[in-house]
Amino acid sequence: MADSLDLVNRDPNNLNDHLKVQFEDVFGEPEGARSIDCVWKLSYTCFNLWLGLCYKLATLFYGICIAAEWGCEFAMIAFYHIWYITPMLRVCEINCAVFKKLMETCMGCCLTPCCEACGSFFIHFKK
């Protein structure tokens with residue numbers, strides 16, 4: 001299972017396309033407001049170093065536990081859908097089919113004679 005994992009493209013479905021965390025996505029100096037070149041270069045280096053280090057430490061300490069929790073969460077969602085929600089939808093469909101039959105019968109008994117009477121009254125008017 002883990003052997004087929006793509007370690008290069010880790011977001012093949014573009015789930016986090018909105019997340020822009022590169023230096024160029026966060027910082028930009030317009031013309032007329034420029035820092036010294038060495039400050040800009042060191043800022044770039046520090047940003048990328050700390051971004052990588054903090055992200056790697058956070059994923060090391062929390063990533064596995066969070067992935068396990070989300071695995072359990074989606075397992076419970078699947079469980080609820082398979083064993084509770086889908087059967088309840090089927091119960092609802094069965095009950096609604098009975099209600100539909102009841103309504104058709106009531107409409108046929110109560111409304112059809114009235115509509116036929118009105119129809120026979122208006123049939124006498126000709127153009």
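Visitor: Is T105 buried, exposed or partly exposed, and what is the relative accessible area?
Guide: In this predicted model, T105 is partly exposed, with a relative accessible area of 43%.

Visitor: Which helix does T105 lie in?
Guide: T105 lies in helix 2, which covers residues 37–122.

Visitor: And how far apart are the C-alpha atoms of T105 and Y44?
Guide: They are separated by 76 Å, with their positions 61 residues apart along the chain counted as the offset.

Visitor: What about the ends of helix 2, how far apart are their C-alpha atoms?
Guide: The end C-alpha atoms of helix 2 are 92 Å apart. A straight helix of 86 residues would reach 128 Å at 1.5 Å a residue, so helix 2 falls short of that span.

Visitor: Where is the kink in helix 2 centred?
Guide: The kink is centred on Y62, and the angle there is about 50°.

Visitor: New topic, then. How many salt bridges does the count come to?
Guide: The count comes to two salt bridges. In one of them, the side chains of E93 and R90 meet at 3.1 Å, N to O.

Visitor: Where do E93 and R90 lie?
Guide: Both lie in helix 2, three residues apart, or about one turn of the helix. As a general point, an α-helix has 3.6 residues a turn, so residues three or four places apart point the same way.

Visitor: Are those two buried or partly exposed?
Guide: E93 counts as partly exposed at 48% relative accessibility, and R90 is partly exposed with a relative accessible area of 48%.

Visitor: Which side chains meet in the salt bridge at 2.8 Å?
Guide: Those of E31 and R34, with the 2.8 Å taken from N to O. E31 is exposed, with a relative accessible area of 69%, and R34 counts as exposed at 52%. The cut-off for exposed is over 50%, so R34 qualifies at 52%.

Visitor: Let's move to pockets. What volume does the largest pocket have?
Guide: The largest pocket has a volume of about 830 Å³. It is lined by 16 residues, and the closest to its centre are R10, D11, N16, L19 and Y55.

Visitor: Where does the largest share of that lining come from?
Guide: From helix 2, which gives five residues to the lining of the largest pocket.

Visitor: And what is the lining like by class?
Guide: By class, the lining of the largest pocket has six nonpolar, five polar and five charged residues.

Visitor: One more: what is phi of N14 near?
Guide: Phi of N14 is near 55°, a positive value in a residue other than glycine. In general, most residues other than glycine have a negative phi.

Visitor: Where is N14 placed, and how accessible is this residue?
Guide: N14 is in the segment before helix 1, which covers 23–26. At 47% relative accessibility, N14 counts as partly exposed.

Terms used:
Residues are numbered from 1 along each chain as its sequence is written. This is a predicted model: local features need pLDDT of at least 70, side-chain atom pairs count only at pLDDT 80 or more; totals for chains, interfaces and linings use all residues. Side-chain values use heavy atoms; hydrogens and water are left out. Helices (H or I, at least four residues) and strands (E, at least two) are DSSP runs, numbered from the N terminus. The bend at a residue is the angle between axes fitted to the seven residues ending there and the seven starting there. A salt bridge is a side-chain nitrogen of Lys or Arg within 4 Å of a carboxyl oxygen of Asp or Glu. Buried means under 20% relative accessible area, exposed over 50%, partly exposed in between (1.4 Å probe, protein chains only). On a 1 Å grid over the protein atoms alone, a cavity is a set of points where a 1.4 Å probe fits but cannot get out, and a pocket is an open set with protein on both sides within 12 Å along at least five of seven lines; lining residues have an atom within 4 Å of a point. Grid points are joined across faces, edges and corners, and a volume is the space filled by probe spheres set on the points. Ala, Val, Leu, Ile, Met, Phe, Trp, Tyr, Cys and Pro count as nonpolar, Asp, Glu, Lys and Arg as charged, and the others, Gly among them, as polar.
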